[in-house]
Amino acid sequence: MKECPICHTIYDDNLNFCVKDGHELIDKPVGYQQASQFHSGGADQPTPKPKKGGCLKKIIIAAVVVVIGFVVLYRYMMNAATYLRVEPNSIVAAKCGGKTNVSIDYDGYIWIINHKPDWVTVDENDNDFELTFNPNTSGSMRQGTITIQSGSLLAQVELAQNANATFIKPSVSVLKFDKGGGRKTVSVETDGTKWTVEYPKFLDVETTGDGFVVEASSNDGDFRQGIITVTEDNVRTSINFQQAGKCPNCHGQGSMTCTICSGAGSTGYGMYYMQCGWCGGRGSINCAVCGGTGEKE
């Protein structure tokens, strides 16, 4: 190749002078080619244009390489585990639901839950997860499984949830009111979802979120008592209710007719009468229930 030192036009080796300005050409190294102009045999040649899309192609290739790298890395991390265990692997939940923590023991990098029943929710952490059971109002016991996966390894937790309550425990076993009445709150602990309360007609009972309130009016009559019953499914428990009032034995009198002399104050037959030794001749005795006070607390 030869070049004009003035206009820098490139020519073949068989030419010695520039056809534009007549200047003598100089030799150029073999393989040299200027992008702007090239002449062969003195004729102008079209200037080569750079190829379009070369940069975009490189970006696409780089993106594909990055994606492939991520896929390979993900597959490696997912399949790195050689063992996978869960604890506990069997859970029986109460009818009311609740929360249980499940720990995961494995030697990999990533684990996922790929199956769970729709009546539980899962809150995942690093090496464990928390199960929340929804209340079971279906009327029958329900069962299912949760499947944990790390690569090709699988582990399962067997789930079951009762449909019936198994216990009801009120905060008190006895409720006592004075004659003036009042209000008292009873809390209820249970693994059920909806219990009911039965109570005597002389009481008012109002249920709350976790128990009920018992209201007793003032009592001007005899001492009264009754049973408050809390029931769900086949489970029930009772609370004894008592309210102070007049003694139910003597009805507030404090004394009873002597049963030995029948109130006469003496005993005997014909001419042989003597003072009753039981009542001391009074014909009455103190009430054994209230001790003569006429009241029972």
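Does Asp-105 count as buried, partly exposed or exposed, and at what relative accessibility? At 33% relative accessibility, Asp-105 counts as partly exposed; the points below, which concern a predicted model, begin with the salt bridge of this residue.

1. Arg-85 and Asp-105. These two residues form a salt bridge in which the closest N and O atoms are 2.8 Å apart. Because Arg-85 belongs to strand S6 and Asp-105 to strand S8, the pair ties together parts that are 20 residues apart in sequence. Arg-85, like its partner, counts as partly exposed, in its case at 46% relative accessibility.

2. Glu-232 and Lys-95. Here the closest N and O atoms of the salt bridge are 3.0 Å apart. Glu-232 lies in strand S20, which covers residues 224–232, while Lys-95 sits in the loop between S7 and S8, so this pair ties together parts that are 137 residues apart in sequence. Both Glu-232 and Lys-95 are buried.

3. Lys-179 and Glu-295. This salt bridge has its closest N and O atoms 3.7 Å apart. Lys-179 is placed in the loop between strand S15 (174–177) and strand S16 (182–190), and Glu-295 in strand S27 (residues 295–296), so that the pair ties together parts 116 residues apart in sequence. Lys-179 counts as partly exposed at 35% relative accessibility, and Glu-295 likewise counts as partly exposed, at 30%. Elsewhere, salt bridges with shared partners join Lys-95, Glu-232 and Asp-233 into one network. Over the whole structure, the search finds five salt bridges.

4. The largest nonpolar core. This core has 20 residues, and the members that touch the most other members are Phe-129, Ile-146, Ile-148 and Leu-159. At least two core residues come from each of strand S6 (84–87), strand S7 (90–93), strand S8 (98–106), strand S11 (128–133), strand S12 (142–150) and strand S13 (153–161). When residues up to four places away in sequence are not counted, the contacts of Phe-129 include Val-102, Ile-104, Trp-111, Ile-113, Val-122, Ile-146 and Ile-148, and also Thr-100, Asn-101, Asp-123 and Glu-124. A second core, separate from this one, has 17 residues, among them Leu-175, Leu-203, Val-230 and Val-235.

5. The nonpolar surface patch. Leu-56, Ile-59, Ile-60, Val-64, Ile-68 and Val-72 make a nonpolar patch of about 560 Å² on the surface. Of these patch residues, Leu-56 has its place in helix H1, which covers residues 54–78. Leu-56 is exposed, since its relative accessible area is 53%, above the cut-off of 50%.

6. Cysteines. A disulfide is a covalent bond between the sulfur atoms of two cysteines, and the structure holds zero of them. Cys-287 is in no disulfide, and the nearest cysteine sulfur, belonging to Cys-247, is 3.6 Å away. For Cys-290, the closest cysteine sulfur is that of Cys-250, and because the distance is 3.6 Å it is too far for a bond; the cut-off applied is 2.5 Å. Cys-287 is buried, with a relative accessible area of 1%, and Cys-290 is buried too, with a relative accessible area of 10%.

Methods
Residues numbered from 1 in each chain as written. Predicted model: local features only at pLDDT ≥ 70, side-chain atom pairs only at ≥ 80, totals over all residues. Heavy atoms only, no water. Patch = residues over 30% accessible without salt bridge, like charges linked within 9 Å, V, L, I, M, F, W, Y side chains within 5 Å. Areas by Shrake-Rupley, 256 points an atom, 1.4 Å probe, with all protein chains shown as cover. Salt bridge = Lys/Arg side-chain N within 4 Å of Asp/Glu carboxyl O. Helix = DSSP H or I, 4+ residues; strand = E, 2+ residues; numbered from the N terminus. Buried < 20%, exposed > 50% of the residue type's maximum accessible area, 1.4 Å probe, protein only. Core = buried A, V, L, I, M, F, W, Y, C linked by side-chain atoms within 4.5 Å. Contact = heavy atoms within 4.5 Å.
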